[in-house]
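Thanks for coming. I will go through one structure today, starting with the overall build and then moving to single residues.

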Amino acid sequence: MSYSGDLTPQEAWEKLENDPNTVLVDCRTRAEWSFVGVPDLEVIGKRTVFVEWNTFPDGRPNEAFTAQLREAGISDENEVIFICRSGHRSIAAAEAATSDGIGAAYNILDGFEGGLDENDHRGATGWRALNLPWRQS
């Protein structure tokens with residue numbers, strides 16, 4: 001594995017809640033943040049960092065991804081947890097962060113909305129389905 005590993009949404013929440021050095025990065029697109037909702041860490045005195053892995057609206061890879069992580073204040077000493085829609089882009093984001101020198105980069109399994117179910121719908125698994133704190137932008 002080329003990153004620190006996978007966490008369930010609940011494990012990620014516990015790490016965020018208990019470790020002041022842990023940061024959550026939402027690597028979905030601006031459209032997803034605006035229309036689907038975002039993790040809300042206000043109750044634990046933190047903020048979510050927003051850096052697109054793929055740019056909206058063209059879907060191209062964000063060539064400045066790791067630079068934007070650094071601009072957001074993320075250092076090699078942070079534990080960084082990445083979340084996307086279903087837990088796939090966040091794996092690539094964790095791998096890129098690891099390659100850039102961040103020593104502890106994790107992926108959230110099932111992401112914010114989870115994968116598609118038998119009816120091609122999302123939302124049965126993931127951060128939001130577990131009723132972890134979130135808000136509409």
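Start with contacts. Take the contacts in the protein between residues at least 6 apart in sequence: 67% of them join residues at least 24 apart. Please keep in mind that this is a predicted model.

Now the overall build. The protein has 4 helices and 7 strands. Read from the N terminus, the order is β-α-β-α-β-β-α-β-α-β-β.

On dimensions, the C-alpha trace spans about 40 × 35 × 30 Å along its principal axes. How does the radius of gyration of the protein compare with that of a compact globule? For 137 residues, a compact globule would come out near 14 Å, and the protein has 14 Å, so the two agree. Of those 137 residues, 46% are buried.

Next, the surface and the charges. The exposed area is about 6800 Å², and carbon and sulfur atoms supply 48% of it. The side chains include 12 positive and 23 negative ones. The centres of the positive set and the negative set lie 5 Å apart.

On to the aromatic residues. How many aromatic pairs does the structure hold? There are 5. I will show two of them in detail.

One is Trp 33 with Phe 50. Their ring centres are 5.1 Å apart and the planes meet at 65°, and because an angle over 60 counts as edge-to-face, that is what this pair is. Trp 33 sits in helix H2, residues 30–35, and Phe 50 sits in strand E4, residues 49–50. The two are 17 residues apart, so the pair links distant parts of the chain. Are these two residues buried or exposed? Trp 33 is buried, at a relative accessible area of 12%. Phe 50 has 32% relative accessibility and counts as partly exposed.

Phe 112 and Trp 134 make up another edge-to-face pair, with 6.0 Å from centre to centre and 80° between the planes. Phe 112 is in the loop between strand E6 (104–108) and strand E7 (134–135), whereas Trp 134 is in E7, so the pair ties together parts 22 residues apart in sequence. Phe 112 has a relative accessible area of 0%, which puts it among the buried residues. Trp 134, at 31% relative accessibility, is partly exposed.

There is also an aromatic cluster, formed by Trp 53, Phe 65 and Phe 82.

Let me stay with the loop between E6 and E7, because several of the residues I picked fall in it, Glu 113 being one. Glu 113 is a buried residue, with a relative accessible area of 11%. Which residues is Glu 113 in contact with, leaving aside its neighbours within four places in sequence? Three arginines are on the list, namely Arg 85, Arg 122 and Arg 128. The others are Val 36, Gly 123, Ala 124 and Thr 125.

Asp 110 is in that loop as well. Its phi is positive, about 70°, although Asp 110 is not a glycine. Asp 110 is partly exposed, with a relative accessible area of 34%. Asp 120 also lies in the loop between E6 and E7, and its phi is positive too, near 60°. For Asp 120 the relative accessible area is 58%, and since over 50% is the cut-off for exposed, Asp 120 counts as exposed.

For background, most residues other than glycine have a negative phi, and most peptide bonds are trans. On the second of those points, a cis peptide bond joins Phe 56 and Pro 57, with omega about 10°. Pro 57 is in the loop between E4 and helix H3, residues 65–71.

One more residue, Arg 28. Arg 28 is in the loop between strand E2 (22–26) and H2. Is Arg 28 buried or exposed? At 0% relative accessibility, Arg 28 is buried. Between Arg 28 and Tyr 3, which are 25 residues apart along the chain, the C-alpha separation is 19 Å.

That is what I have. If you want to look at something on the screen, I would go back to Glu 113 and its contacts, including Arg 85, Arg 122 and Arg 128.

Technical notes:
Residues numbered from 1 in each chain as written. Heavy atoms only, no water. Rg over C-alpha atoms; globule rule 2.2 N^0.38 Å. Buried < 20%, exposed > 50% of the residue type's maximum accessible area, 1.4 Å probe, protein only. Contact = heavy atoms within 4.5 Å. Areas by Shrake-Rupley, 256 points an atom, 1.4 Å probe, with all protein chains shown as cover. Lys, Arg positive; Asp, Glu negative; His and termini not counted. Charge placed at Lys NZ, Arg CZ, Asp CG, Glu CD. Phe/Tyr/Trp six-rings, centres within 6.5 Å; stacked < 30°, edge-to-face > 60°.
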